[in-house]
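Q: Please take a close look at the open and enclosed spaces of this model, going through what lines each of them and how far the coordinates there can be trusted.

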Amino acid sequence: MARRLWVNALIIVPGDKSITHRALLLGGMARGQTRLVHPLASLDARSTARALRQLGVDVPSLRVGGGPLFVTGRGRFRAPQATLHCGNSGTTARLLMGLLAAHRFAARLTGDRSLRKRPMRRITEPLTAMGARFVPEQADRLPLEVRGGRLAALRWELPVSSAQLKSAILLAGVAGGVPVAVREPAGPSRDHTERMLEALGYRLRERDGWIELAAGGPVPAFDMTVPGDPSSAAFLVGAGLLGRYPLTLGGVGLNPTRTGFLAVLRRMGATVRAEPSGATLGEPIGTIHAAPGDLRAATVSAVEIPGLIDEIPLLAVVAARAAGTSRFEEVGELRVKESDRLGLMADNLRLLGYQASGQGNTLSIAGSDHPPRGRIRTDGDHRIAMAFGVLSVVPGARITIDDRDCAAVSFPGFFELLDGVRRGRIS
Ligand code: S3P
């Protein structure tokens with residue numbers, strides 16, 4: 001039944017992508033049955049589930065709106081019979097490499113065109129230092145083969161703040177039963193792996209910027225409700241700010257390493273409120289409320305970037321509607337995401353009539369209130385598609401998106417929901 005949005009409709013966003021990957025992988029490493037409520041059933045999450053099946057883990061297929069998911073692991077992975085295809089998912093490939101590094105067999109990994117272009121040496125280097133081997137040696141791109149074995153302890157300074165990299169090393173420590181320590185150069189990236197490991201009884205501590213994991217035992221099976229994904233919620237928050245109607249989103253993860261975008265939106269003068277309501281396996285959850293209103297430009301500094309790395313496409317389209325020029329500093333990492341997000345955001349915004357530049361490591365955008373019109377190119381990147389979907393809710397906008405289907409990588413049903421949001425009615 002259709003409900004009028006501005007009268008109390010509460011939107012529940014899909015489960016968190018990062019947490020779903022980690023819960024599947026840790027559940028897959030555990031001996032026994034893990035129960036996940038509200039896991040994400042997107043293409044990326046399916047890539048992790050599929051790889052786990054090839055490694056001998058019992059994982060049913062992920063279905064949108066399905067009930068609890070039971071993952072049954074054997075305490076170790078079994079050697080796969082075929083290449084593990086990670087699809088579009090960098091998190092699947094990189095976190096899996098960490099776990100595979102501690103297994104005495106060879107596993108070959110590959111991915112789609114986008115994933116095969118993304119840098120891997122940042123992962124293979126520390127795992128090689130722990131004792132894993134990669135073929136080809138010094139591999140920086142998929143496909144590659146991991147030959148795991150007995151691992152040694154590691155203390156590693158990361159070249160970039162990256163949760164995927166940090167997590168791969170922590171998971172190698174878990175699977176190998178050895179202590180590891182990692183330090184990030186800039187602001188902290190998302191800490192879901194640390195929170196989950198602590199909740200599962202592993203000993204972690206932070207000292208002088210180092211995250212230290214003590215050697216621990218086997219992974220226990222567990223029970224978890226996956227929070228709604230704040231990165232998916234961010235697109236709906238954007239639609240609440242740029243469209244005609246306020247929106248309320250329930251059950252959203254409010255982990256402070258993920259909510260940097262809310263602080264930036266507040267600096268832009270946005271009406272946006274987050275109210276914590278509880279926690280699940282160490283992860284805070286709550287409600288986010290967003291309402292339309294005038295916006296002003298903001299500068300986002302280097303230290304904030306890791307805490308909102310996936311929200312920059314959304315923040316960029318919001319900046320396009322804010323008075324003044326917004327700047328995102330030190331966002332070079334965006335060039336090696338699912339697409340060159342830095343170049344593509346600037347190009348697409350210019351195409352829609354905005355002044356935008358993506359020179360070097362800075363993205364700057366001059367806001368304007370003209371109705372955006374044109375056809376944008378996604379390069380198959382889900383977040384680019386959804387960001388411009390949000391901009392299309394601006395009254396008078398006429399934006400065509402070359403590929404809307406790619407939203408299913410992280411947010412199945414996004415464009416259907418957005419159509420309802422635009423009309424002020426959801427079903
Ligand atoms: C993720 C970490 C981020 C993010 C990605 C998911 C994760 O990548 O962009 O969508 O689940 O660890 P980096 O930490 O490599 O920047």
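A: What follows goes through the pockets, then the cavity, and then the confidence of the model.

This is a predicted model, and its largest pocket has a volume of about 680 Å³. Of the 31 residues that line this largest pocket, those closest to its centre are Ile12, Pro14, Val64, Gly65 and Pro412. Three secondary-structure elements, β2 (10–12), α12 (414–423) and β23 (425–426), each supply at least two residues of the lining of the largest pocket, and the largest share, four residues, comes from α12. Sorted by class, the lining of the largest pocket holds 17 nonpolar, nine polar and five charged residues. In terms of domains, the lining of the largest pocket draws at least three residues from each of domain 1 (3–12 + 227–426) and domain 2 (17–225).

The second largest pocket holds about 520 Å³ of space. Of the 35 residues that line the second largest pocket, Ser161, Ser162, Ile309, Glu333 and Lys337 are the closest to its centre. Here the helices α1 (17–29), α3 (90–100), α4 (121–130) and α5 (163–176) each provide at least two residues of the lining. By class, the lining of the second largest pocket is made up of twelve nonpolar, nine polar and 14 charged residues. For the second largest pocket too, at least three lining residues come from each of domain 1 (3–12 + 227–426) and domain 2 (17–225).

Turning to enclosed space, the count comes to one cavity of 30 Å³ or more, and the volume of the largest cavity is about 40 Å³. The largest cavity is lined by Asp16, Ile19, His192, Pro227, Pro230, Gly253, Asn255, Arg258, Glu283 and Pro284, a lining that divides into four nonpolar, three polar and three charged residues.

As for confidence, the chain averages a pLDDT of 96, and 98% of the residues score at least 70. Over residues 1–7, however, pLDDT stays under 50, and for this stretch the model has 24 contacts beyond four places in sequence. Where pLDDT is low, the predicted coordinates should not be read in detail. That caution applies to the contacts of residues 1–7, where pLDDT stays under 50.

Conventions
Residues numbered from 1 in each chain as written. Predicted model: local features only at pLDDT ≥ 70, side-chain atom pairs only at ≥ 80, totals over all residues. Heavy atoms only, no water. 1 Å grid on protein atoms, 1.4 Å probe; cavity = no way out; pocket = protein on both sides within 12 Å on 5 of 7 lines; lining within 4 Å. Points joined across faces, edges and corners; volume = space filled by probe spheres on them. Nonpolar A, V, L, I, M, F, W, Y, C, P; charged D, E, K, R; others polar. Domains from an automatic or database assignment. pLDDT = per-residue confidence, 0-100. Contact = heavy atoms within 4.5 Å.
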